[in-house]
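Visitor: I'm new to this one. Could you pick a single part and take me through it slowly?

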Amino acid sequence: RARLKELPAAESAAEITPRDTVEDLQRDIVLRQAALNELKEELSKTTREFARVRARPAEISVRLPEAQRDLSEIRKQLAPFDAAQDVTSSRRVSDRILLEARQSRLLSELDMLKQEQLSQSVREDLLQAQQELLTRQVENEAAALDTLDTSLRQRLANEVDRMKSLADTLAEGLPQGDEAAQALAAEVQLLTVQLEDVVESMNKVKQASDDVTGLLNNLTSEYESIREELELGGSGRATVKVFFDLNSRTLNARADVSAIQLPALDEIRLAALQIRDQLRRQPDVEREFAGHSADAVTQLVAVRREVLETLQTQNANLIRSLAVLNGDKRQYLDQAEEVRGYISEQLFGFKMKSCSPISLSTLTDLPGGLRWAFAVDHWEEPGKALLAAAKRMPVRCLGAVLVAALLLLFRRRIGVALARTGTKVRRISTDRYAHTGEALLWTSLLAVPIPLLLGFAGWAFGQTSRPSDWLRGLAGGLE
């Protein structure tokens, strides 16, 4: 707590002076981000330990009577050994040694539990102080990091604006008939646009990384909280409701990740290779325009090198940021799968007995459940989902509908062909394996339209972003 008082508030920690250059500023951000991640990890461990220690009194109050009863039983079992005359039997000696070992273990456990009870308040106070200290350190580091990140984005935006303005100004001062100089100006202007896109992508990646990290932290925190509650004996309908709500979030995890629209990592790497090749040609460009009379051309050549070097640096930073983001997304999806597995094990592995027995109320509640299942609001959602799928994937939807429509349109002809094949199969003289295969084909074509439409509808429902539990269940049934 003395160290906590010495730390500044988050507002004061945010008042830092950024480094002069963009490269130095980016290095500071990387270092501070690593330090912040370490602090967050330590804070997470301390928070889990603090929650465990706070739950210990309830566990100890349950374990103490049990250990005392076990000790009493062992003492009763040891009593006959003290009065027995036959102490040379190897079996009785081994049994006595085993009971005495169990007695010693229980005595040690009881002593440990009592000592833990006595030190409970001290340990809670120590962990609480440590948690408060780490929380303040995380807040201060995050505030300082936000300041540096804001300064970096502003400087990059200013650099882009300066380079674009300079390239446009120099392009206006070029001789009209000099095609080589005009081509150089167009190339530099295009490079400044690429730099602007890279800076914008970096901002999007930063925002997406913060969003994914927030989703992962929230999911992990709620998952650990529910696990601790179950370990302490919590169960019932409320817990089951929490499980279903959490399961819905895990099912939406892939949709959360898919909603993040960013440039592909391979595209950025390809662009970085192209920039590297252009930078390698910079000496050739400088030699080509070394003797040019227009001063604007000389400045354009220098601006070209500056833009290319900046692009090379920022592309490398963007690639690293995208790689980290992809790792965070993979970790979020893996955590969602782990949570889903745990929920399935608890709900459907019969580890929780929260369902009430079948009674008269089961029958009386059935009409209400049916009304909920077939409510009008629920049936409006599939229509909206199909309309959204048709707008998002018009070719696939149109293809599925056309195939089903054509099969239904030619249903009569297919039926006639099937009957004609059946006539050939019934006669020994005309029966062939090929006719049997043909009959199977016609039968499949007759049967496929309705299942095709239902399966496609289920697939389309499954592509809906954040569907309700009702629609998700309907999609699973149709698929």
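**A look at the largest pocket**

Guide: Let's go with the largest pocket, starting with what its walls are made of: the lining residues split into 15 nonpolar, 18 polar and 14 charged. Keep in mind that this is a predicted model. The space in this pocket comes to about 1,800 Å³. Want to find the middle of it? Look for Gln33, Asn37, Lys40, Ser209 and Thr213, which are the closest to the centre among the 47 residues of the lining. Now for the elements around it: α3 (22-83), α5 (120-172), α6 (179-231) and α11 (295-348) each give two or more residues to the lining.

How does that fit into the whole chain? Its secondary structure is 18 helices and zero strands. Of the 479 residues in the chain, 33% are buried. Take the contacts with a separation of 6 or more: 82% of them join residues 24 or more positions apart.

For a side trip, try helix α15, residues 411-426. This helix has 16 residues and reaches 23 Å from first C-alpha to last, close to the expected 22 Å. Its buried residues are Ile414, Ala417 and Thr421. Seen down the helix axis, those buried residues of α15 fall within an arc of 60 degrees, so they line one face. Among what covers them are α14 (394-409) and α16 (433-447). Turned away from that buried side of α15 is a face with the exposed residues Arg412 and Arg426.

Note on methods
Residues numbered from 1 in each chain as written. Predicted model: local features only at pLDDT ≥ 70, side-chain atom pairs only at ≥ 80, totals over all residues. Heavy atoms only, no water. Helix = DSSP H or I, 4+ residues; strand = E, 2+ residues; numbered from the N terminus. Expected span 1.5 Å × (residues − 1). Buried < 20%, exposed > 50% of the residue type's maximum accessible area, 1.4 Å probe, protein only. Arc of directions from axis to C-beta. Contact = heavy atoms within 4.5 Å. 1 Å grid on protein atoms, 1.4 Å probe; cavity = no way out; pocket = protein on both sides within 12 Å on 5 of 7 lines; lining within 4 Å. Points joined across faces, edges and corners; volume = space filled by probe spheres on them. Nonpolar A, V, L, I, M, F, W, Y, C, P; charged D, E, K, R; others polar.
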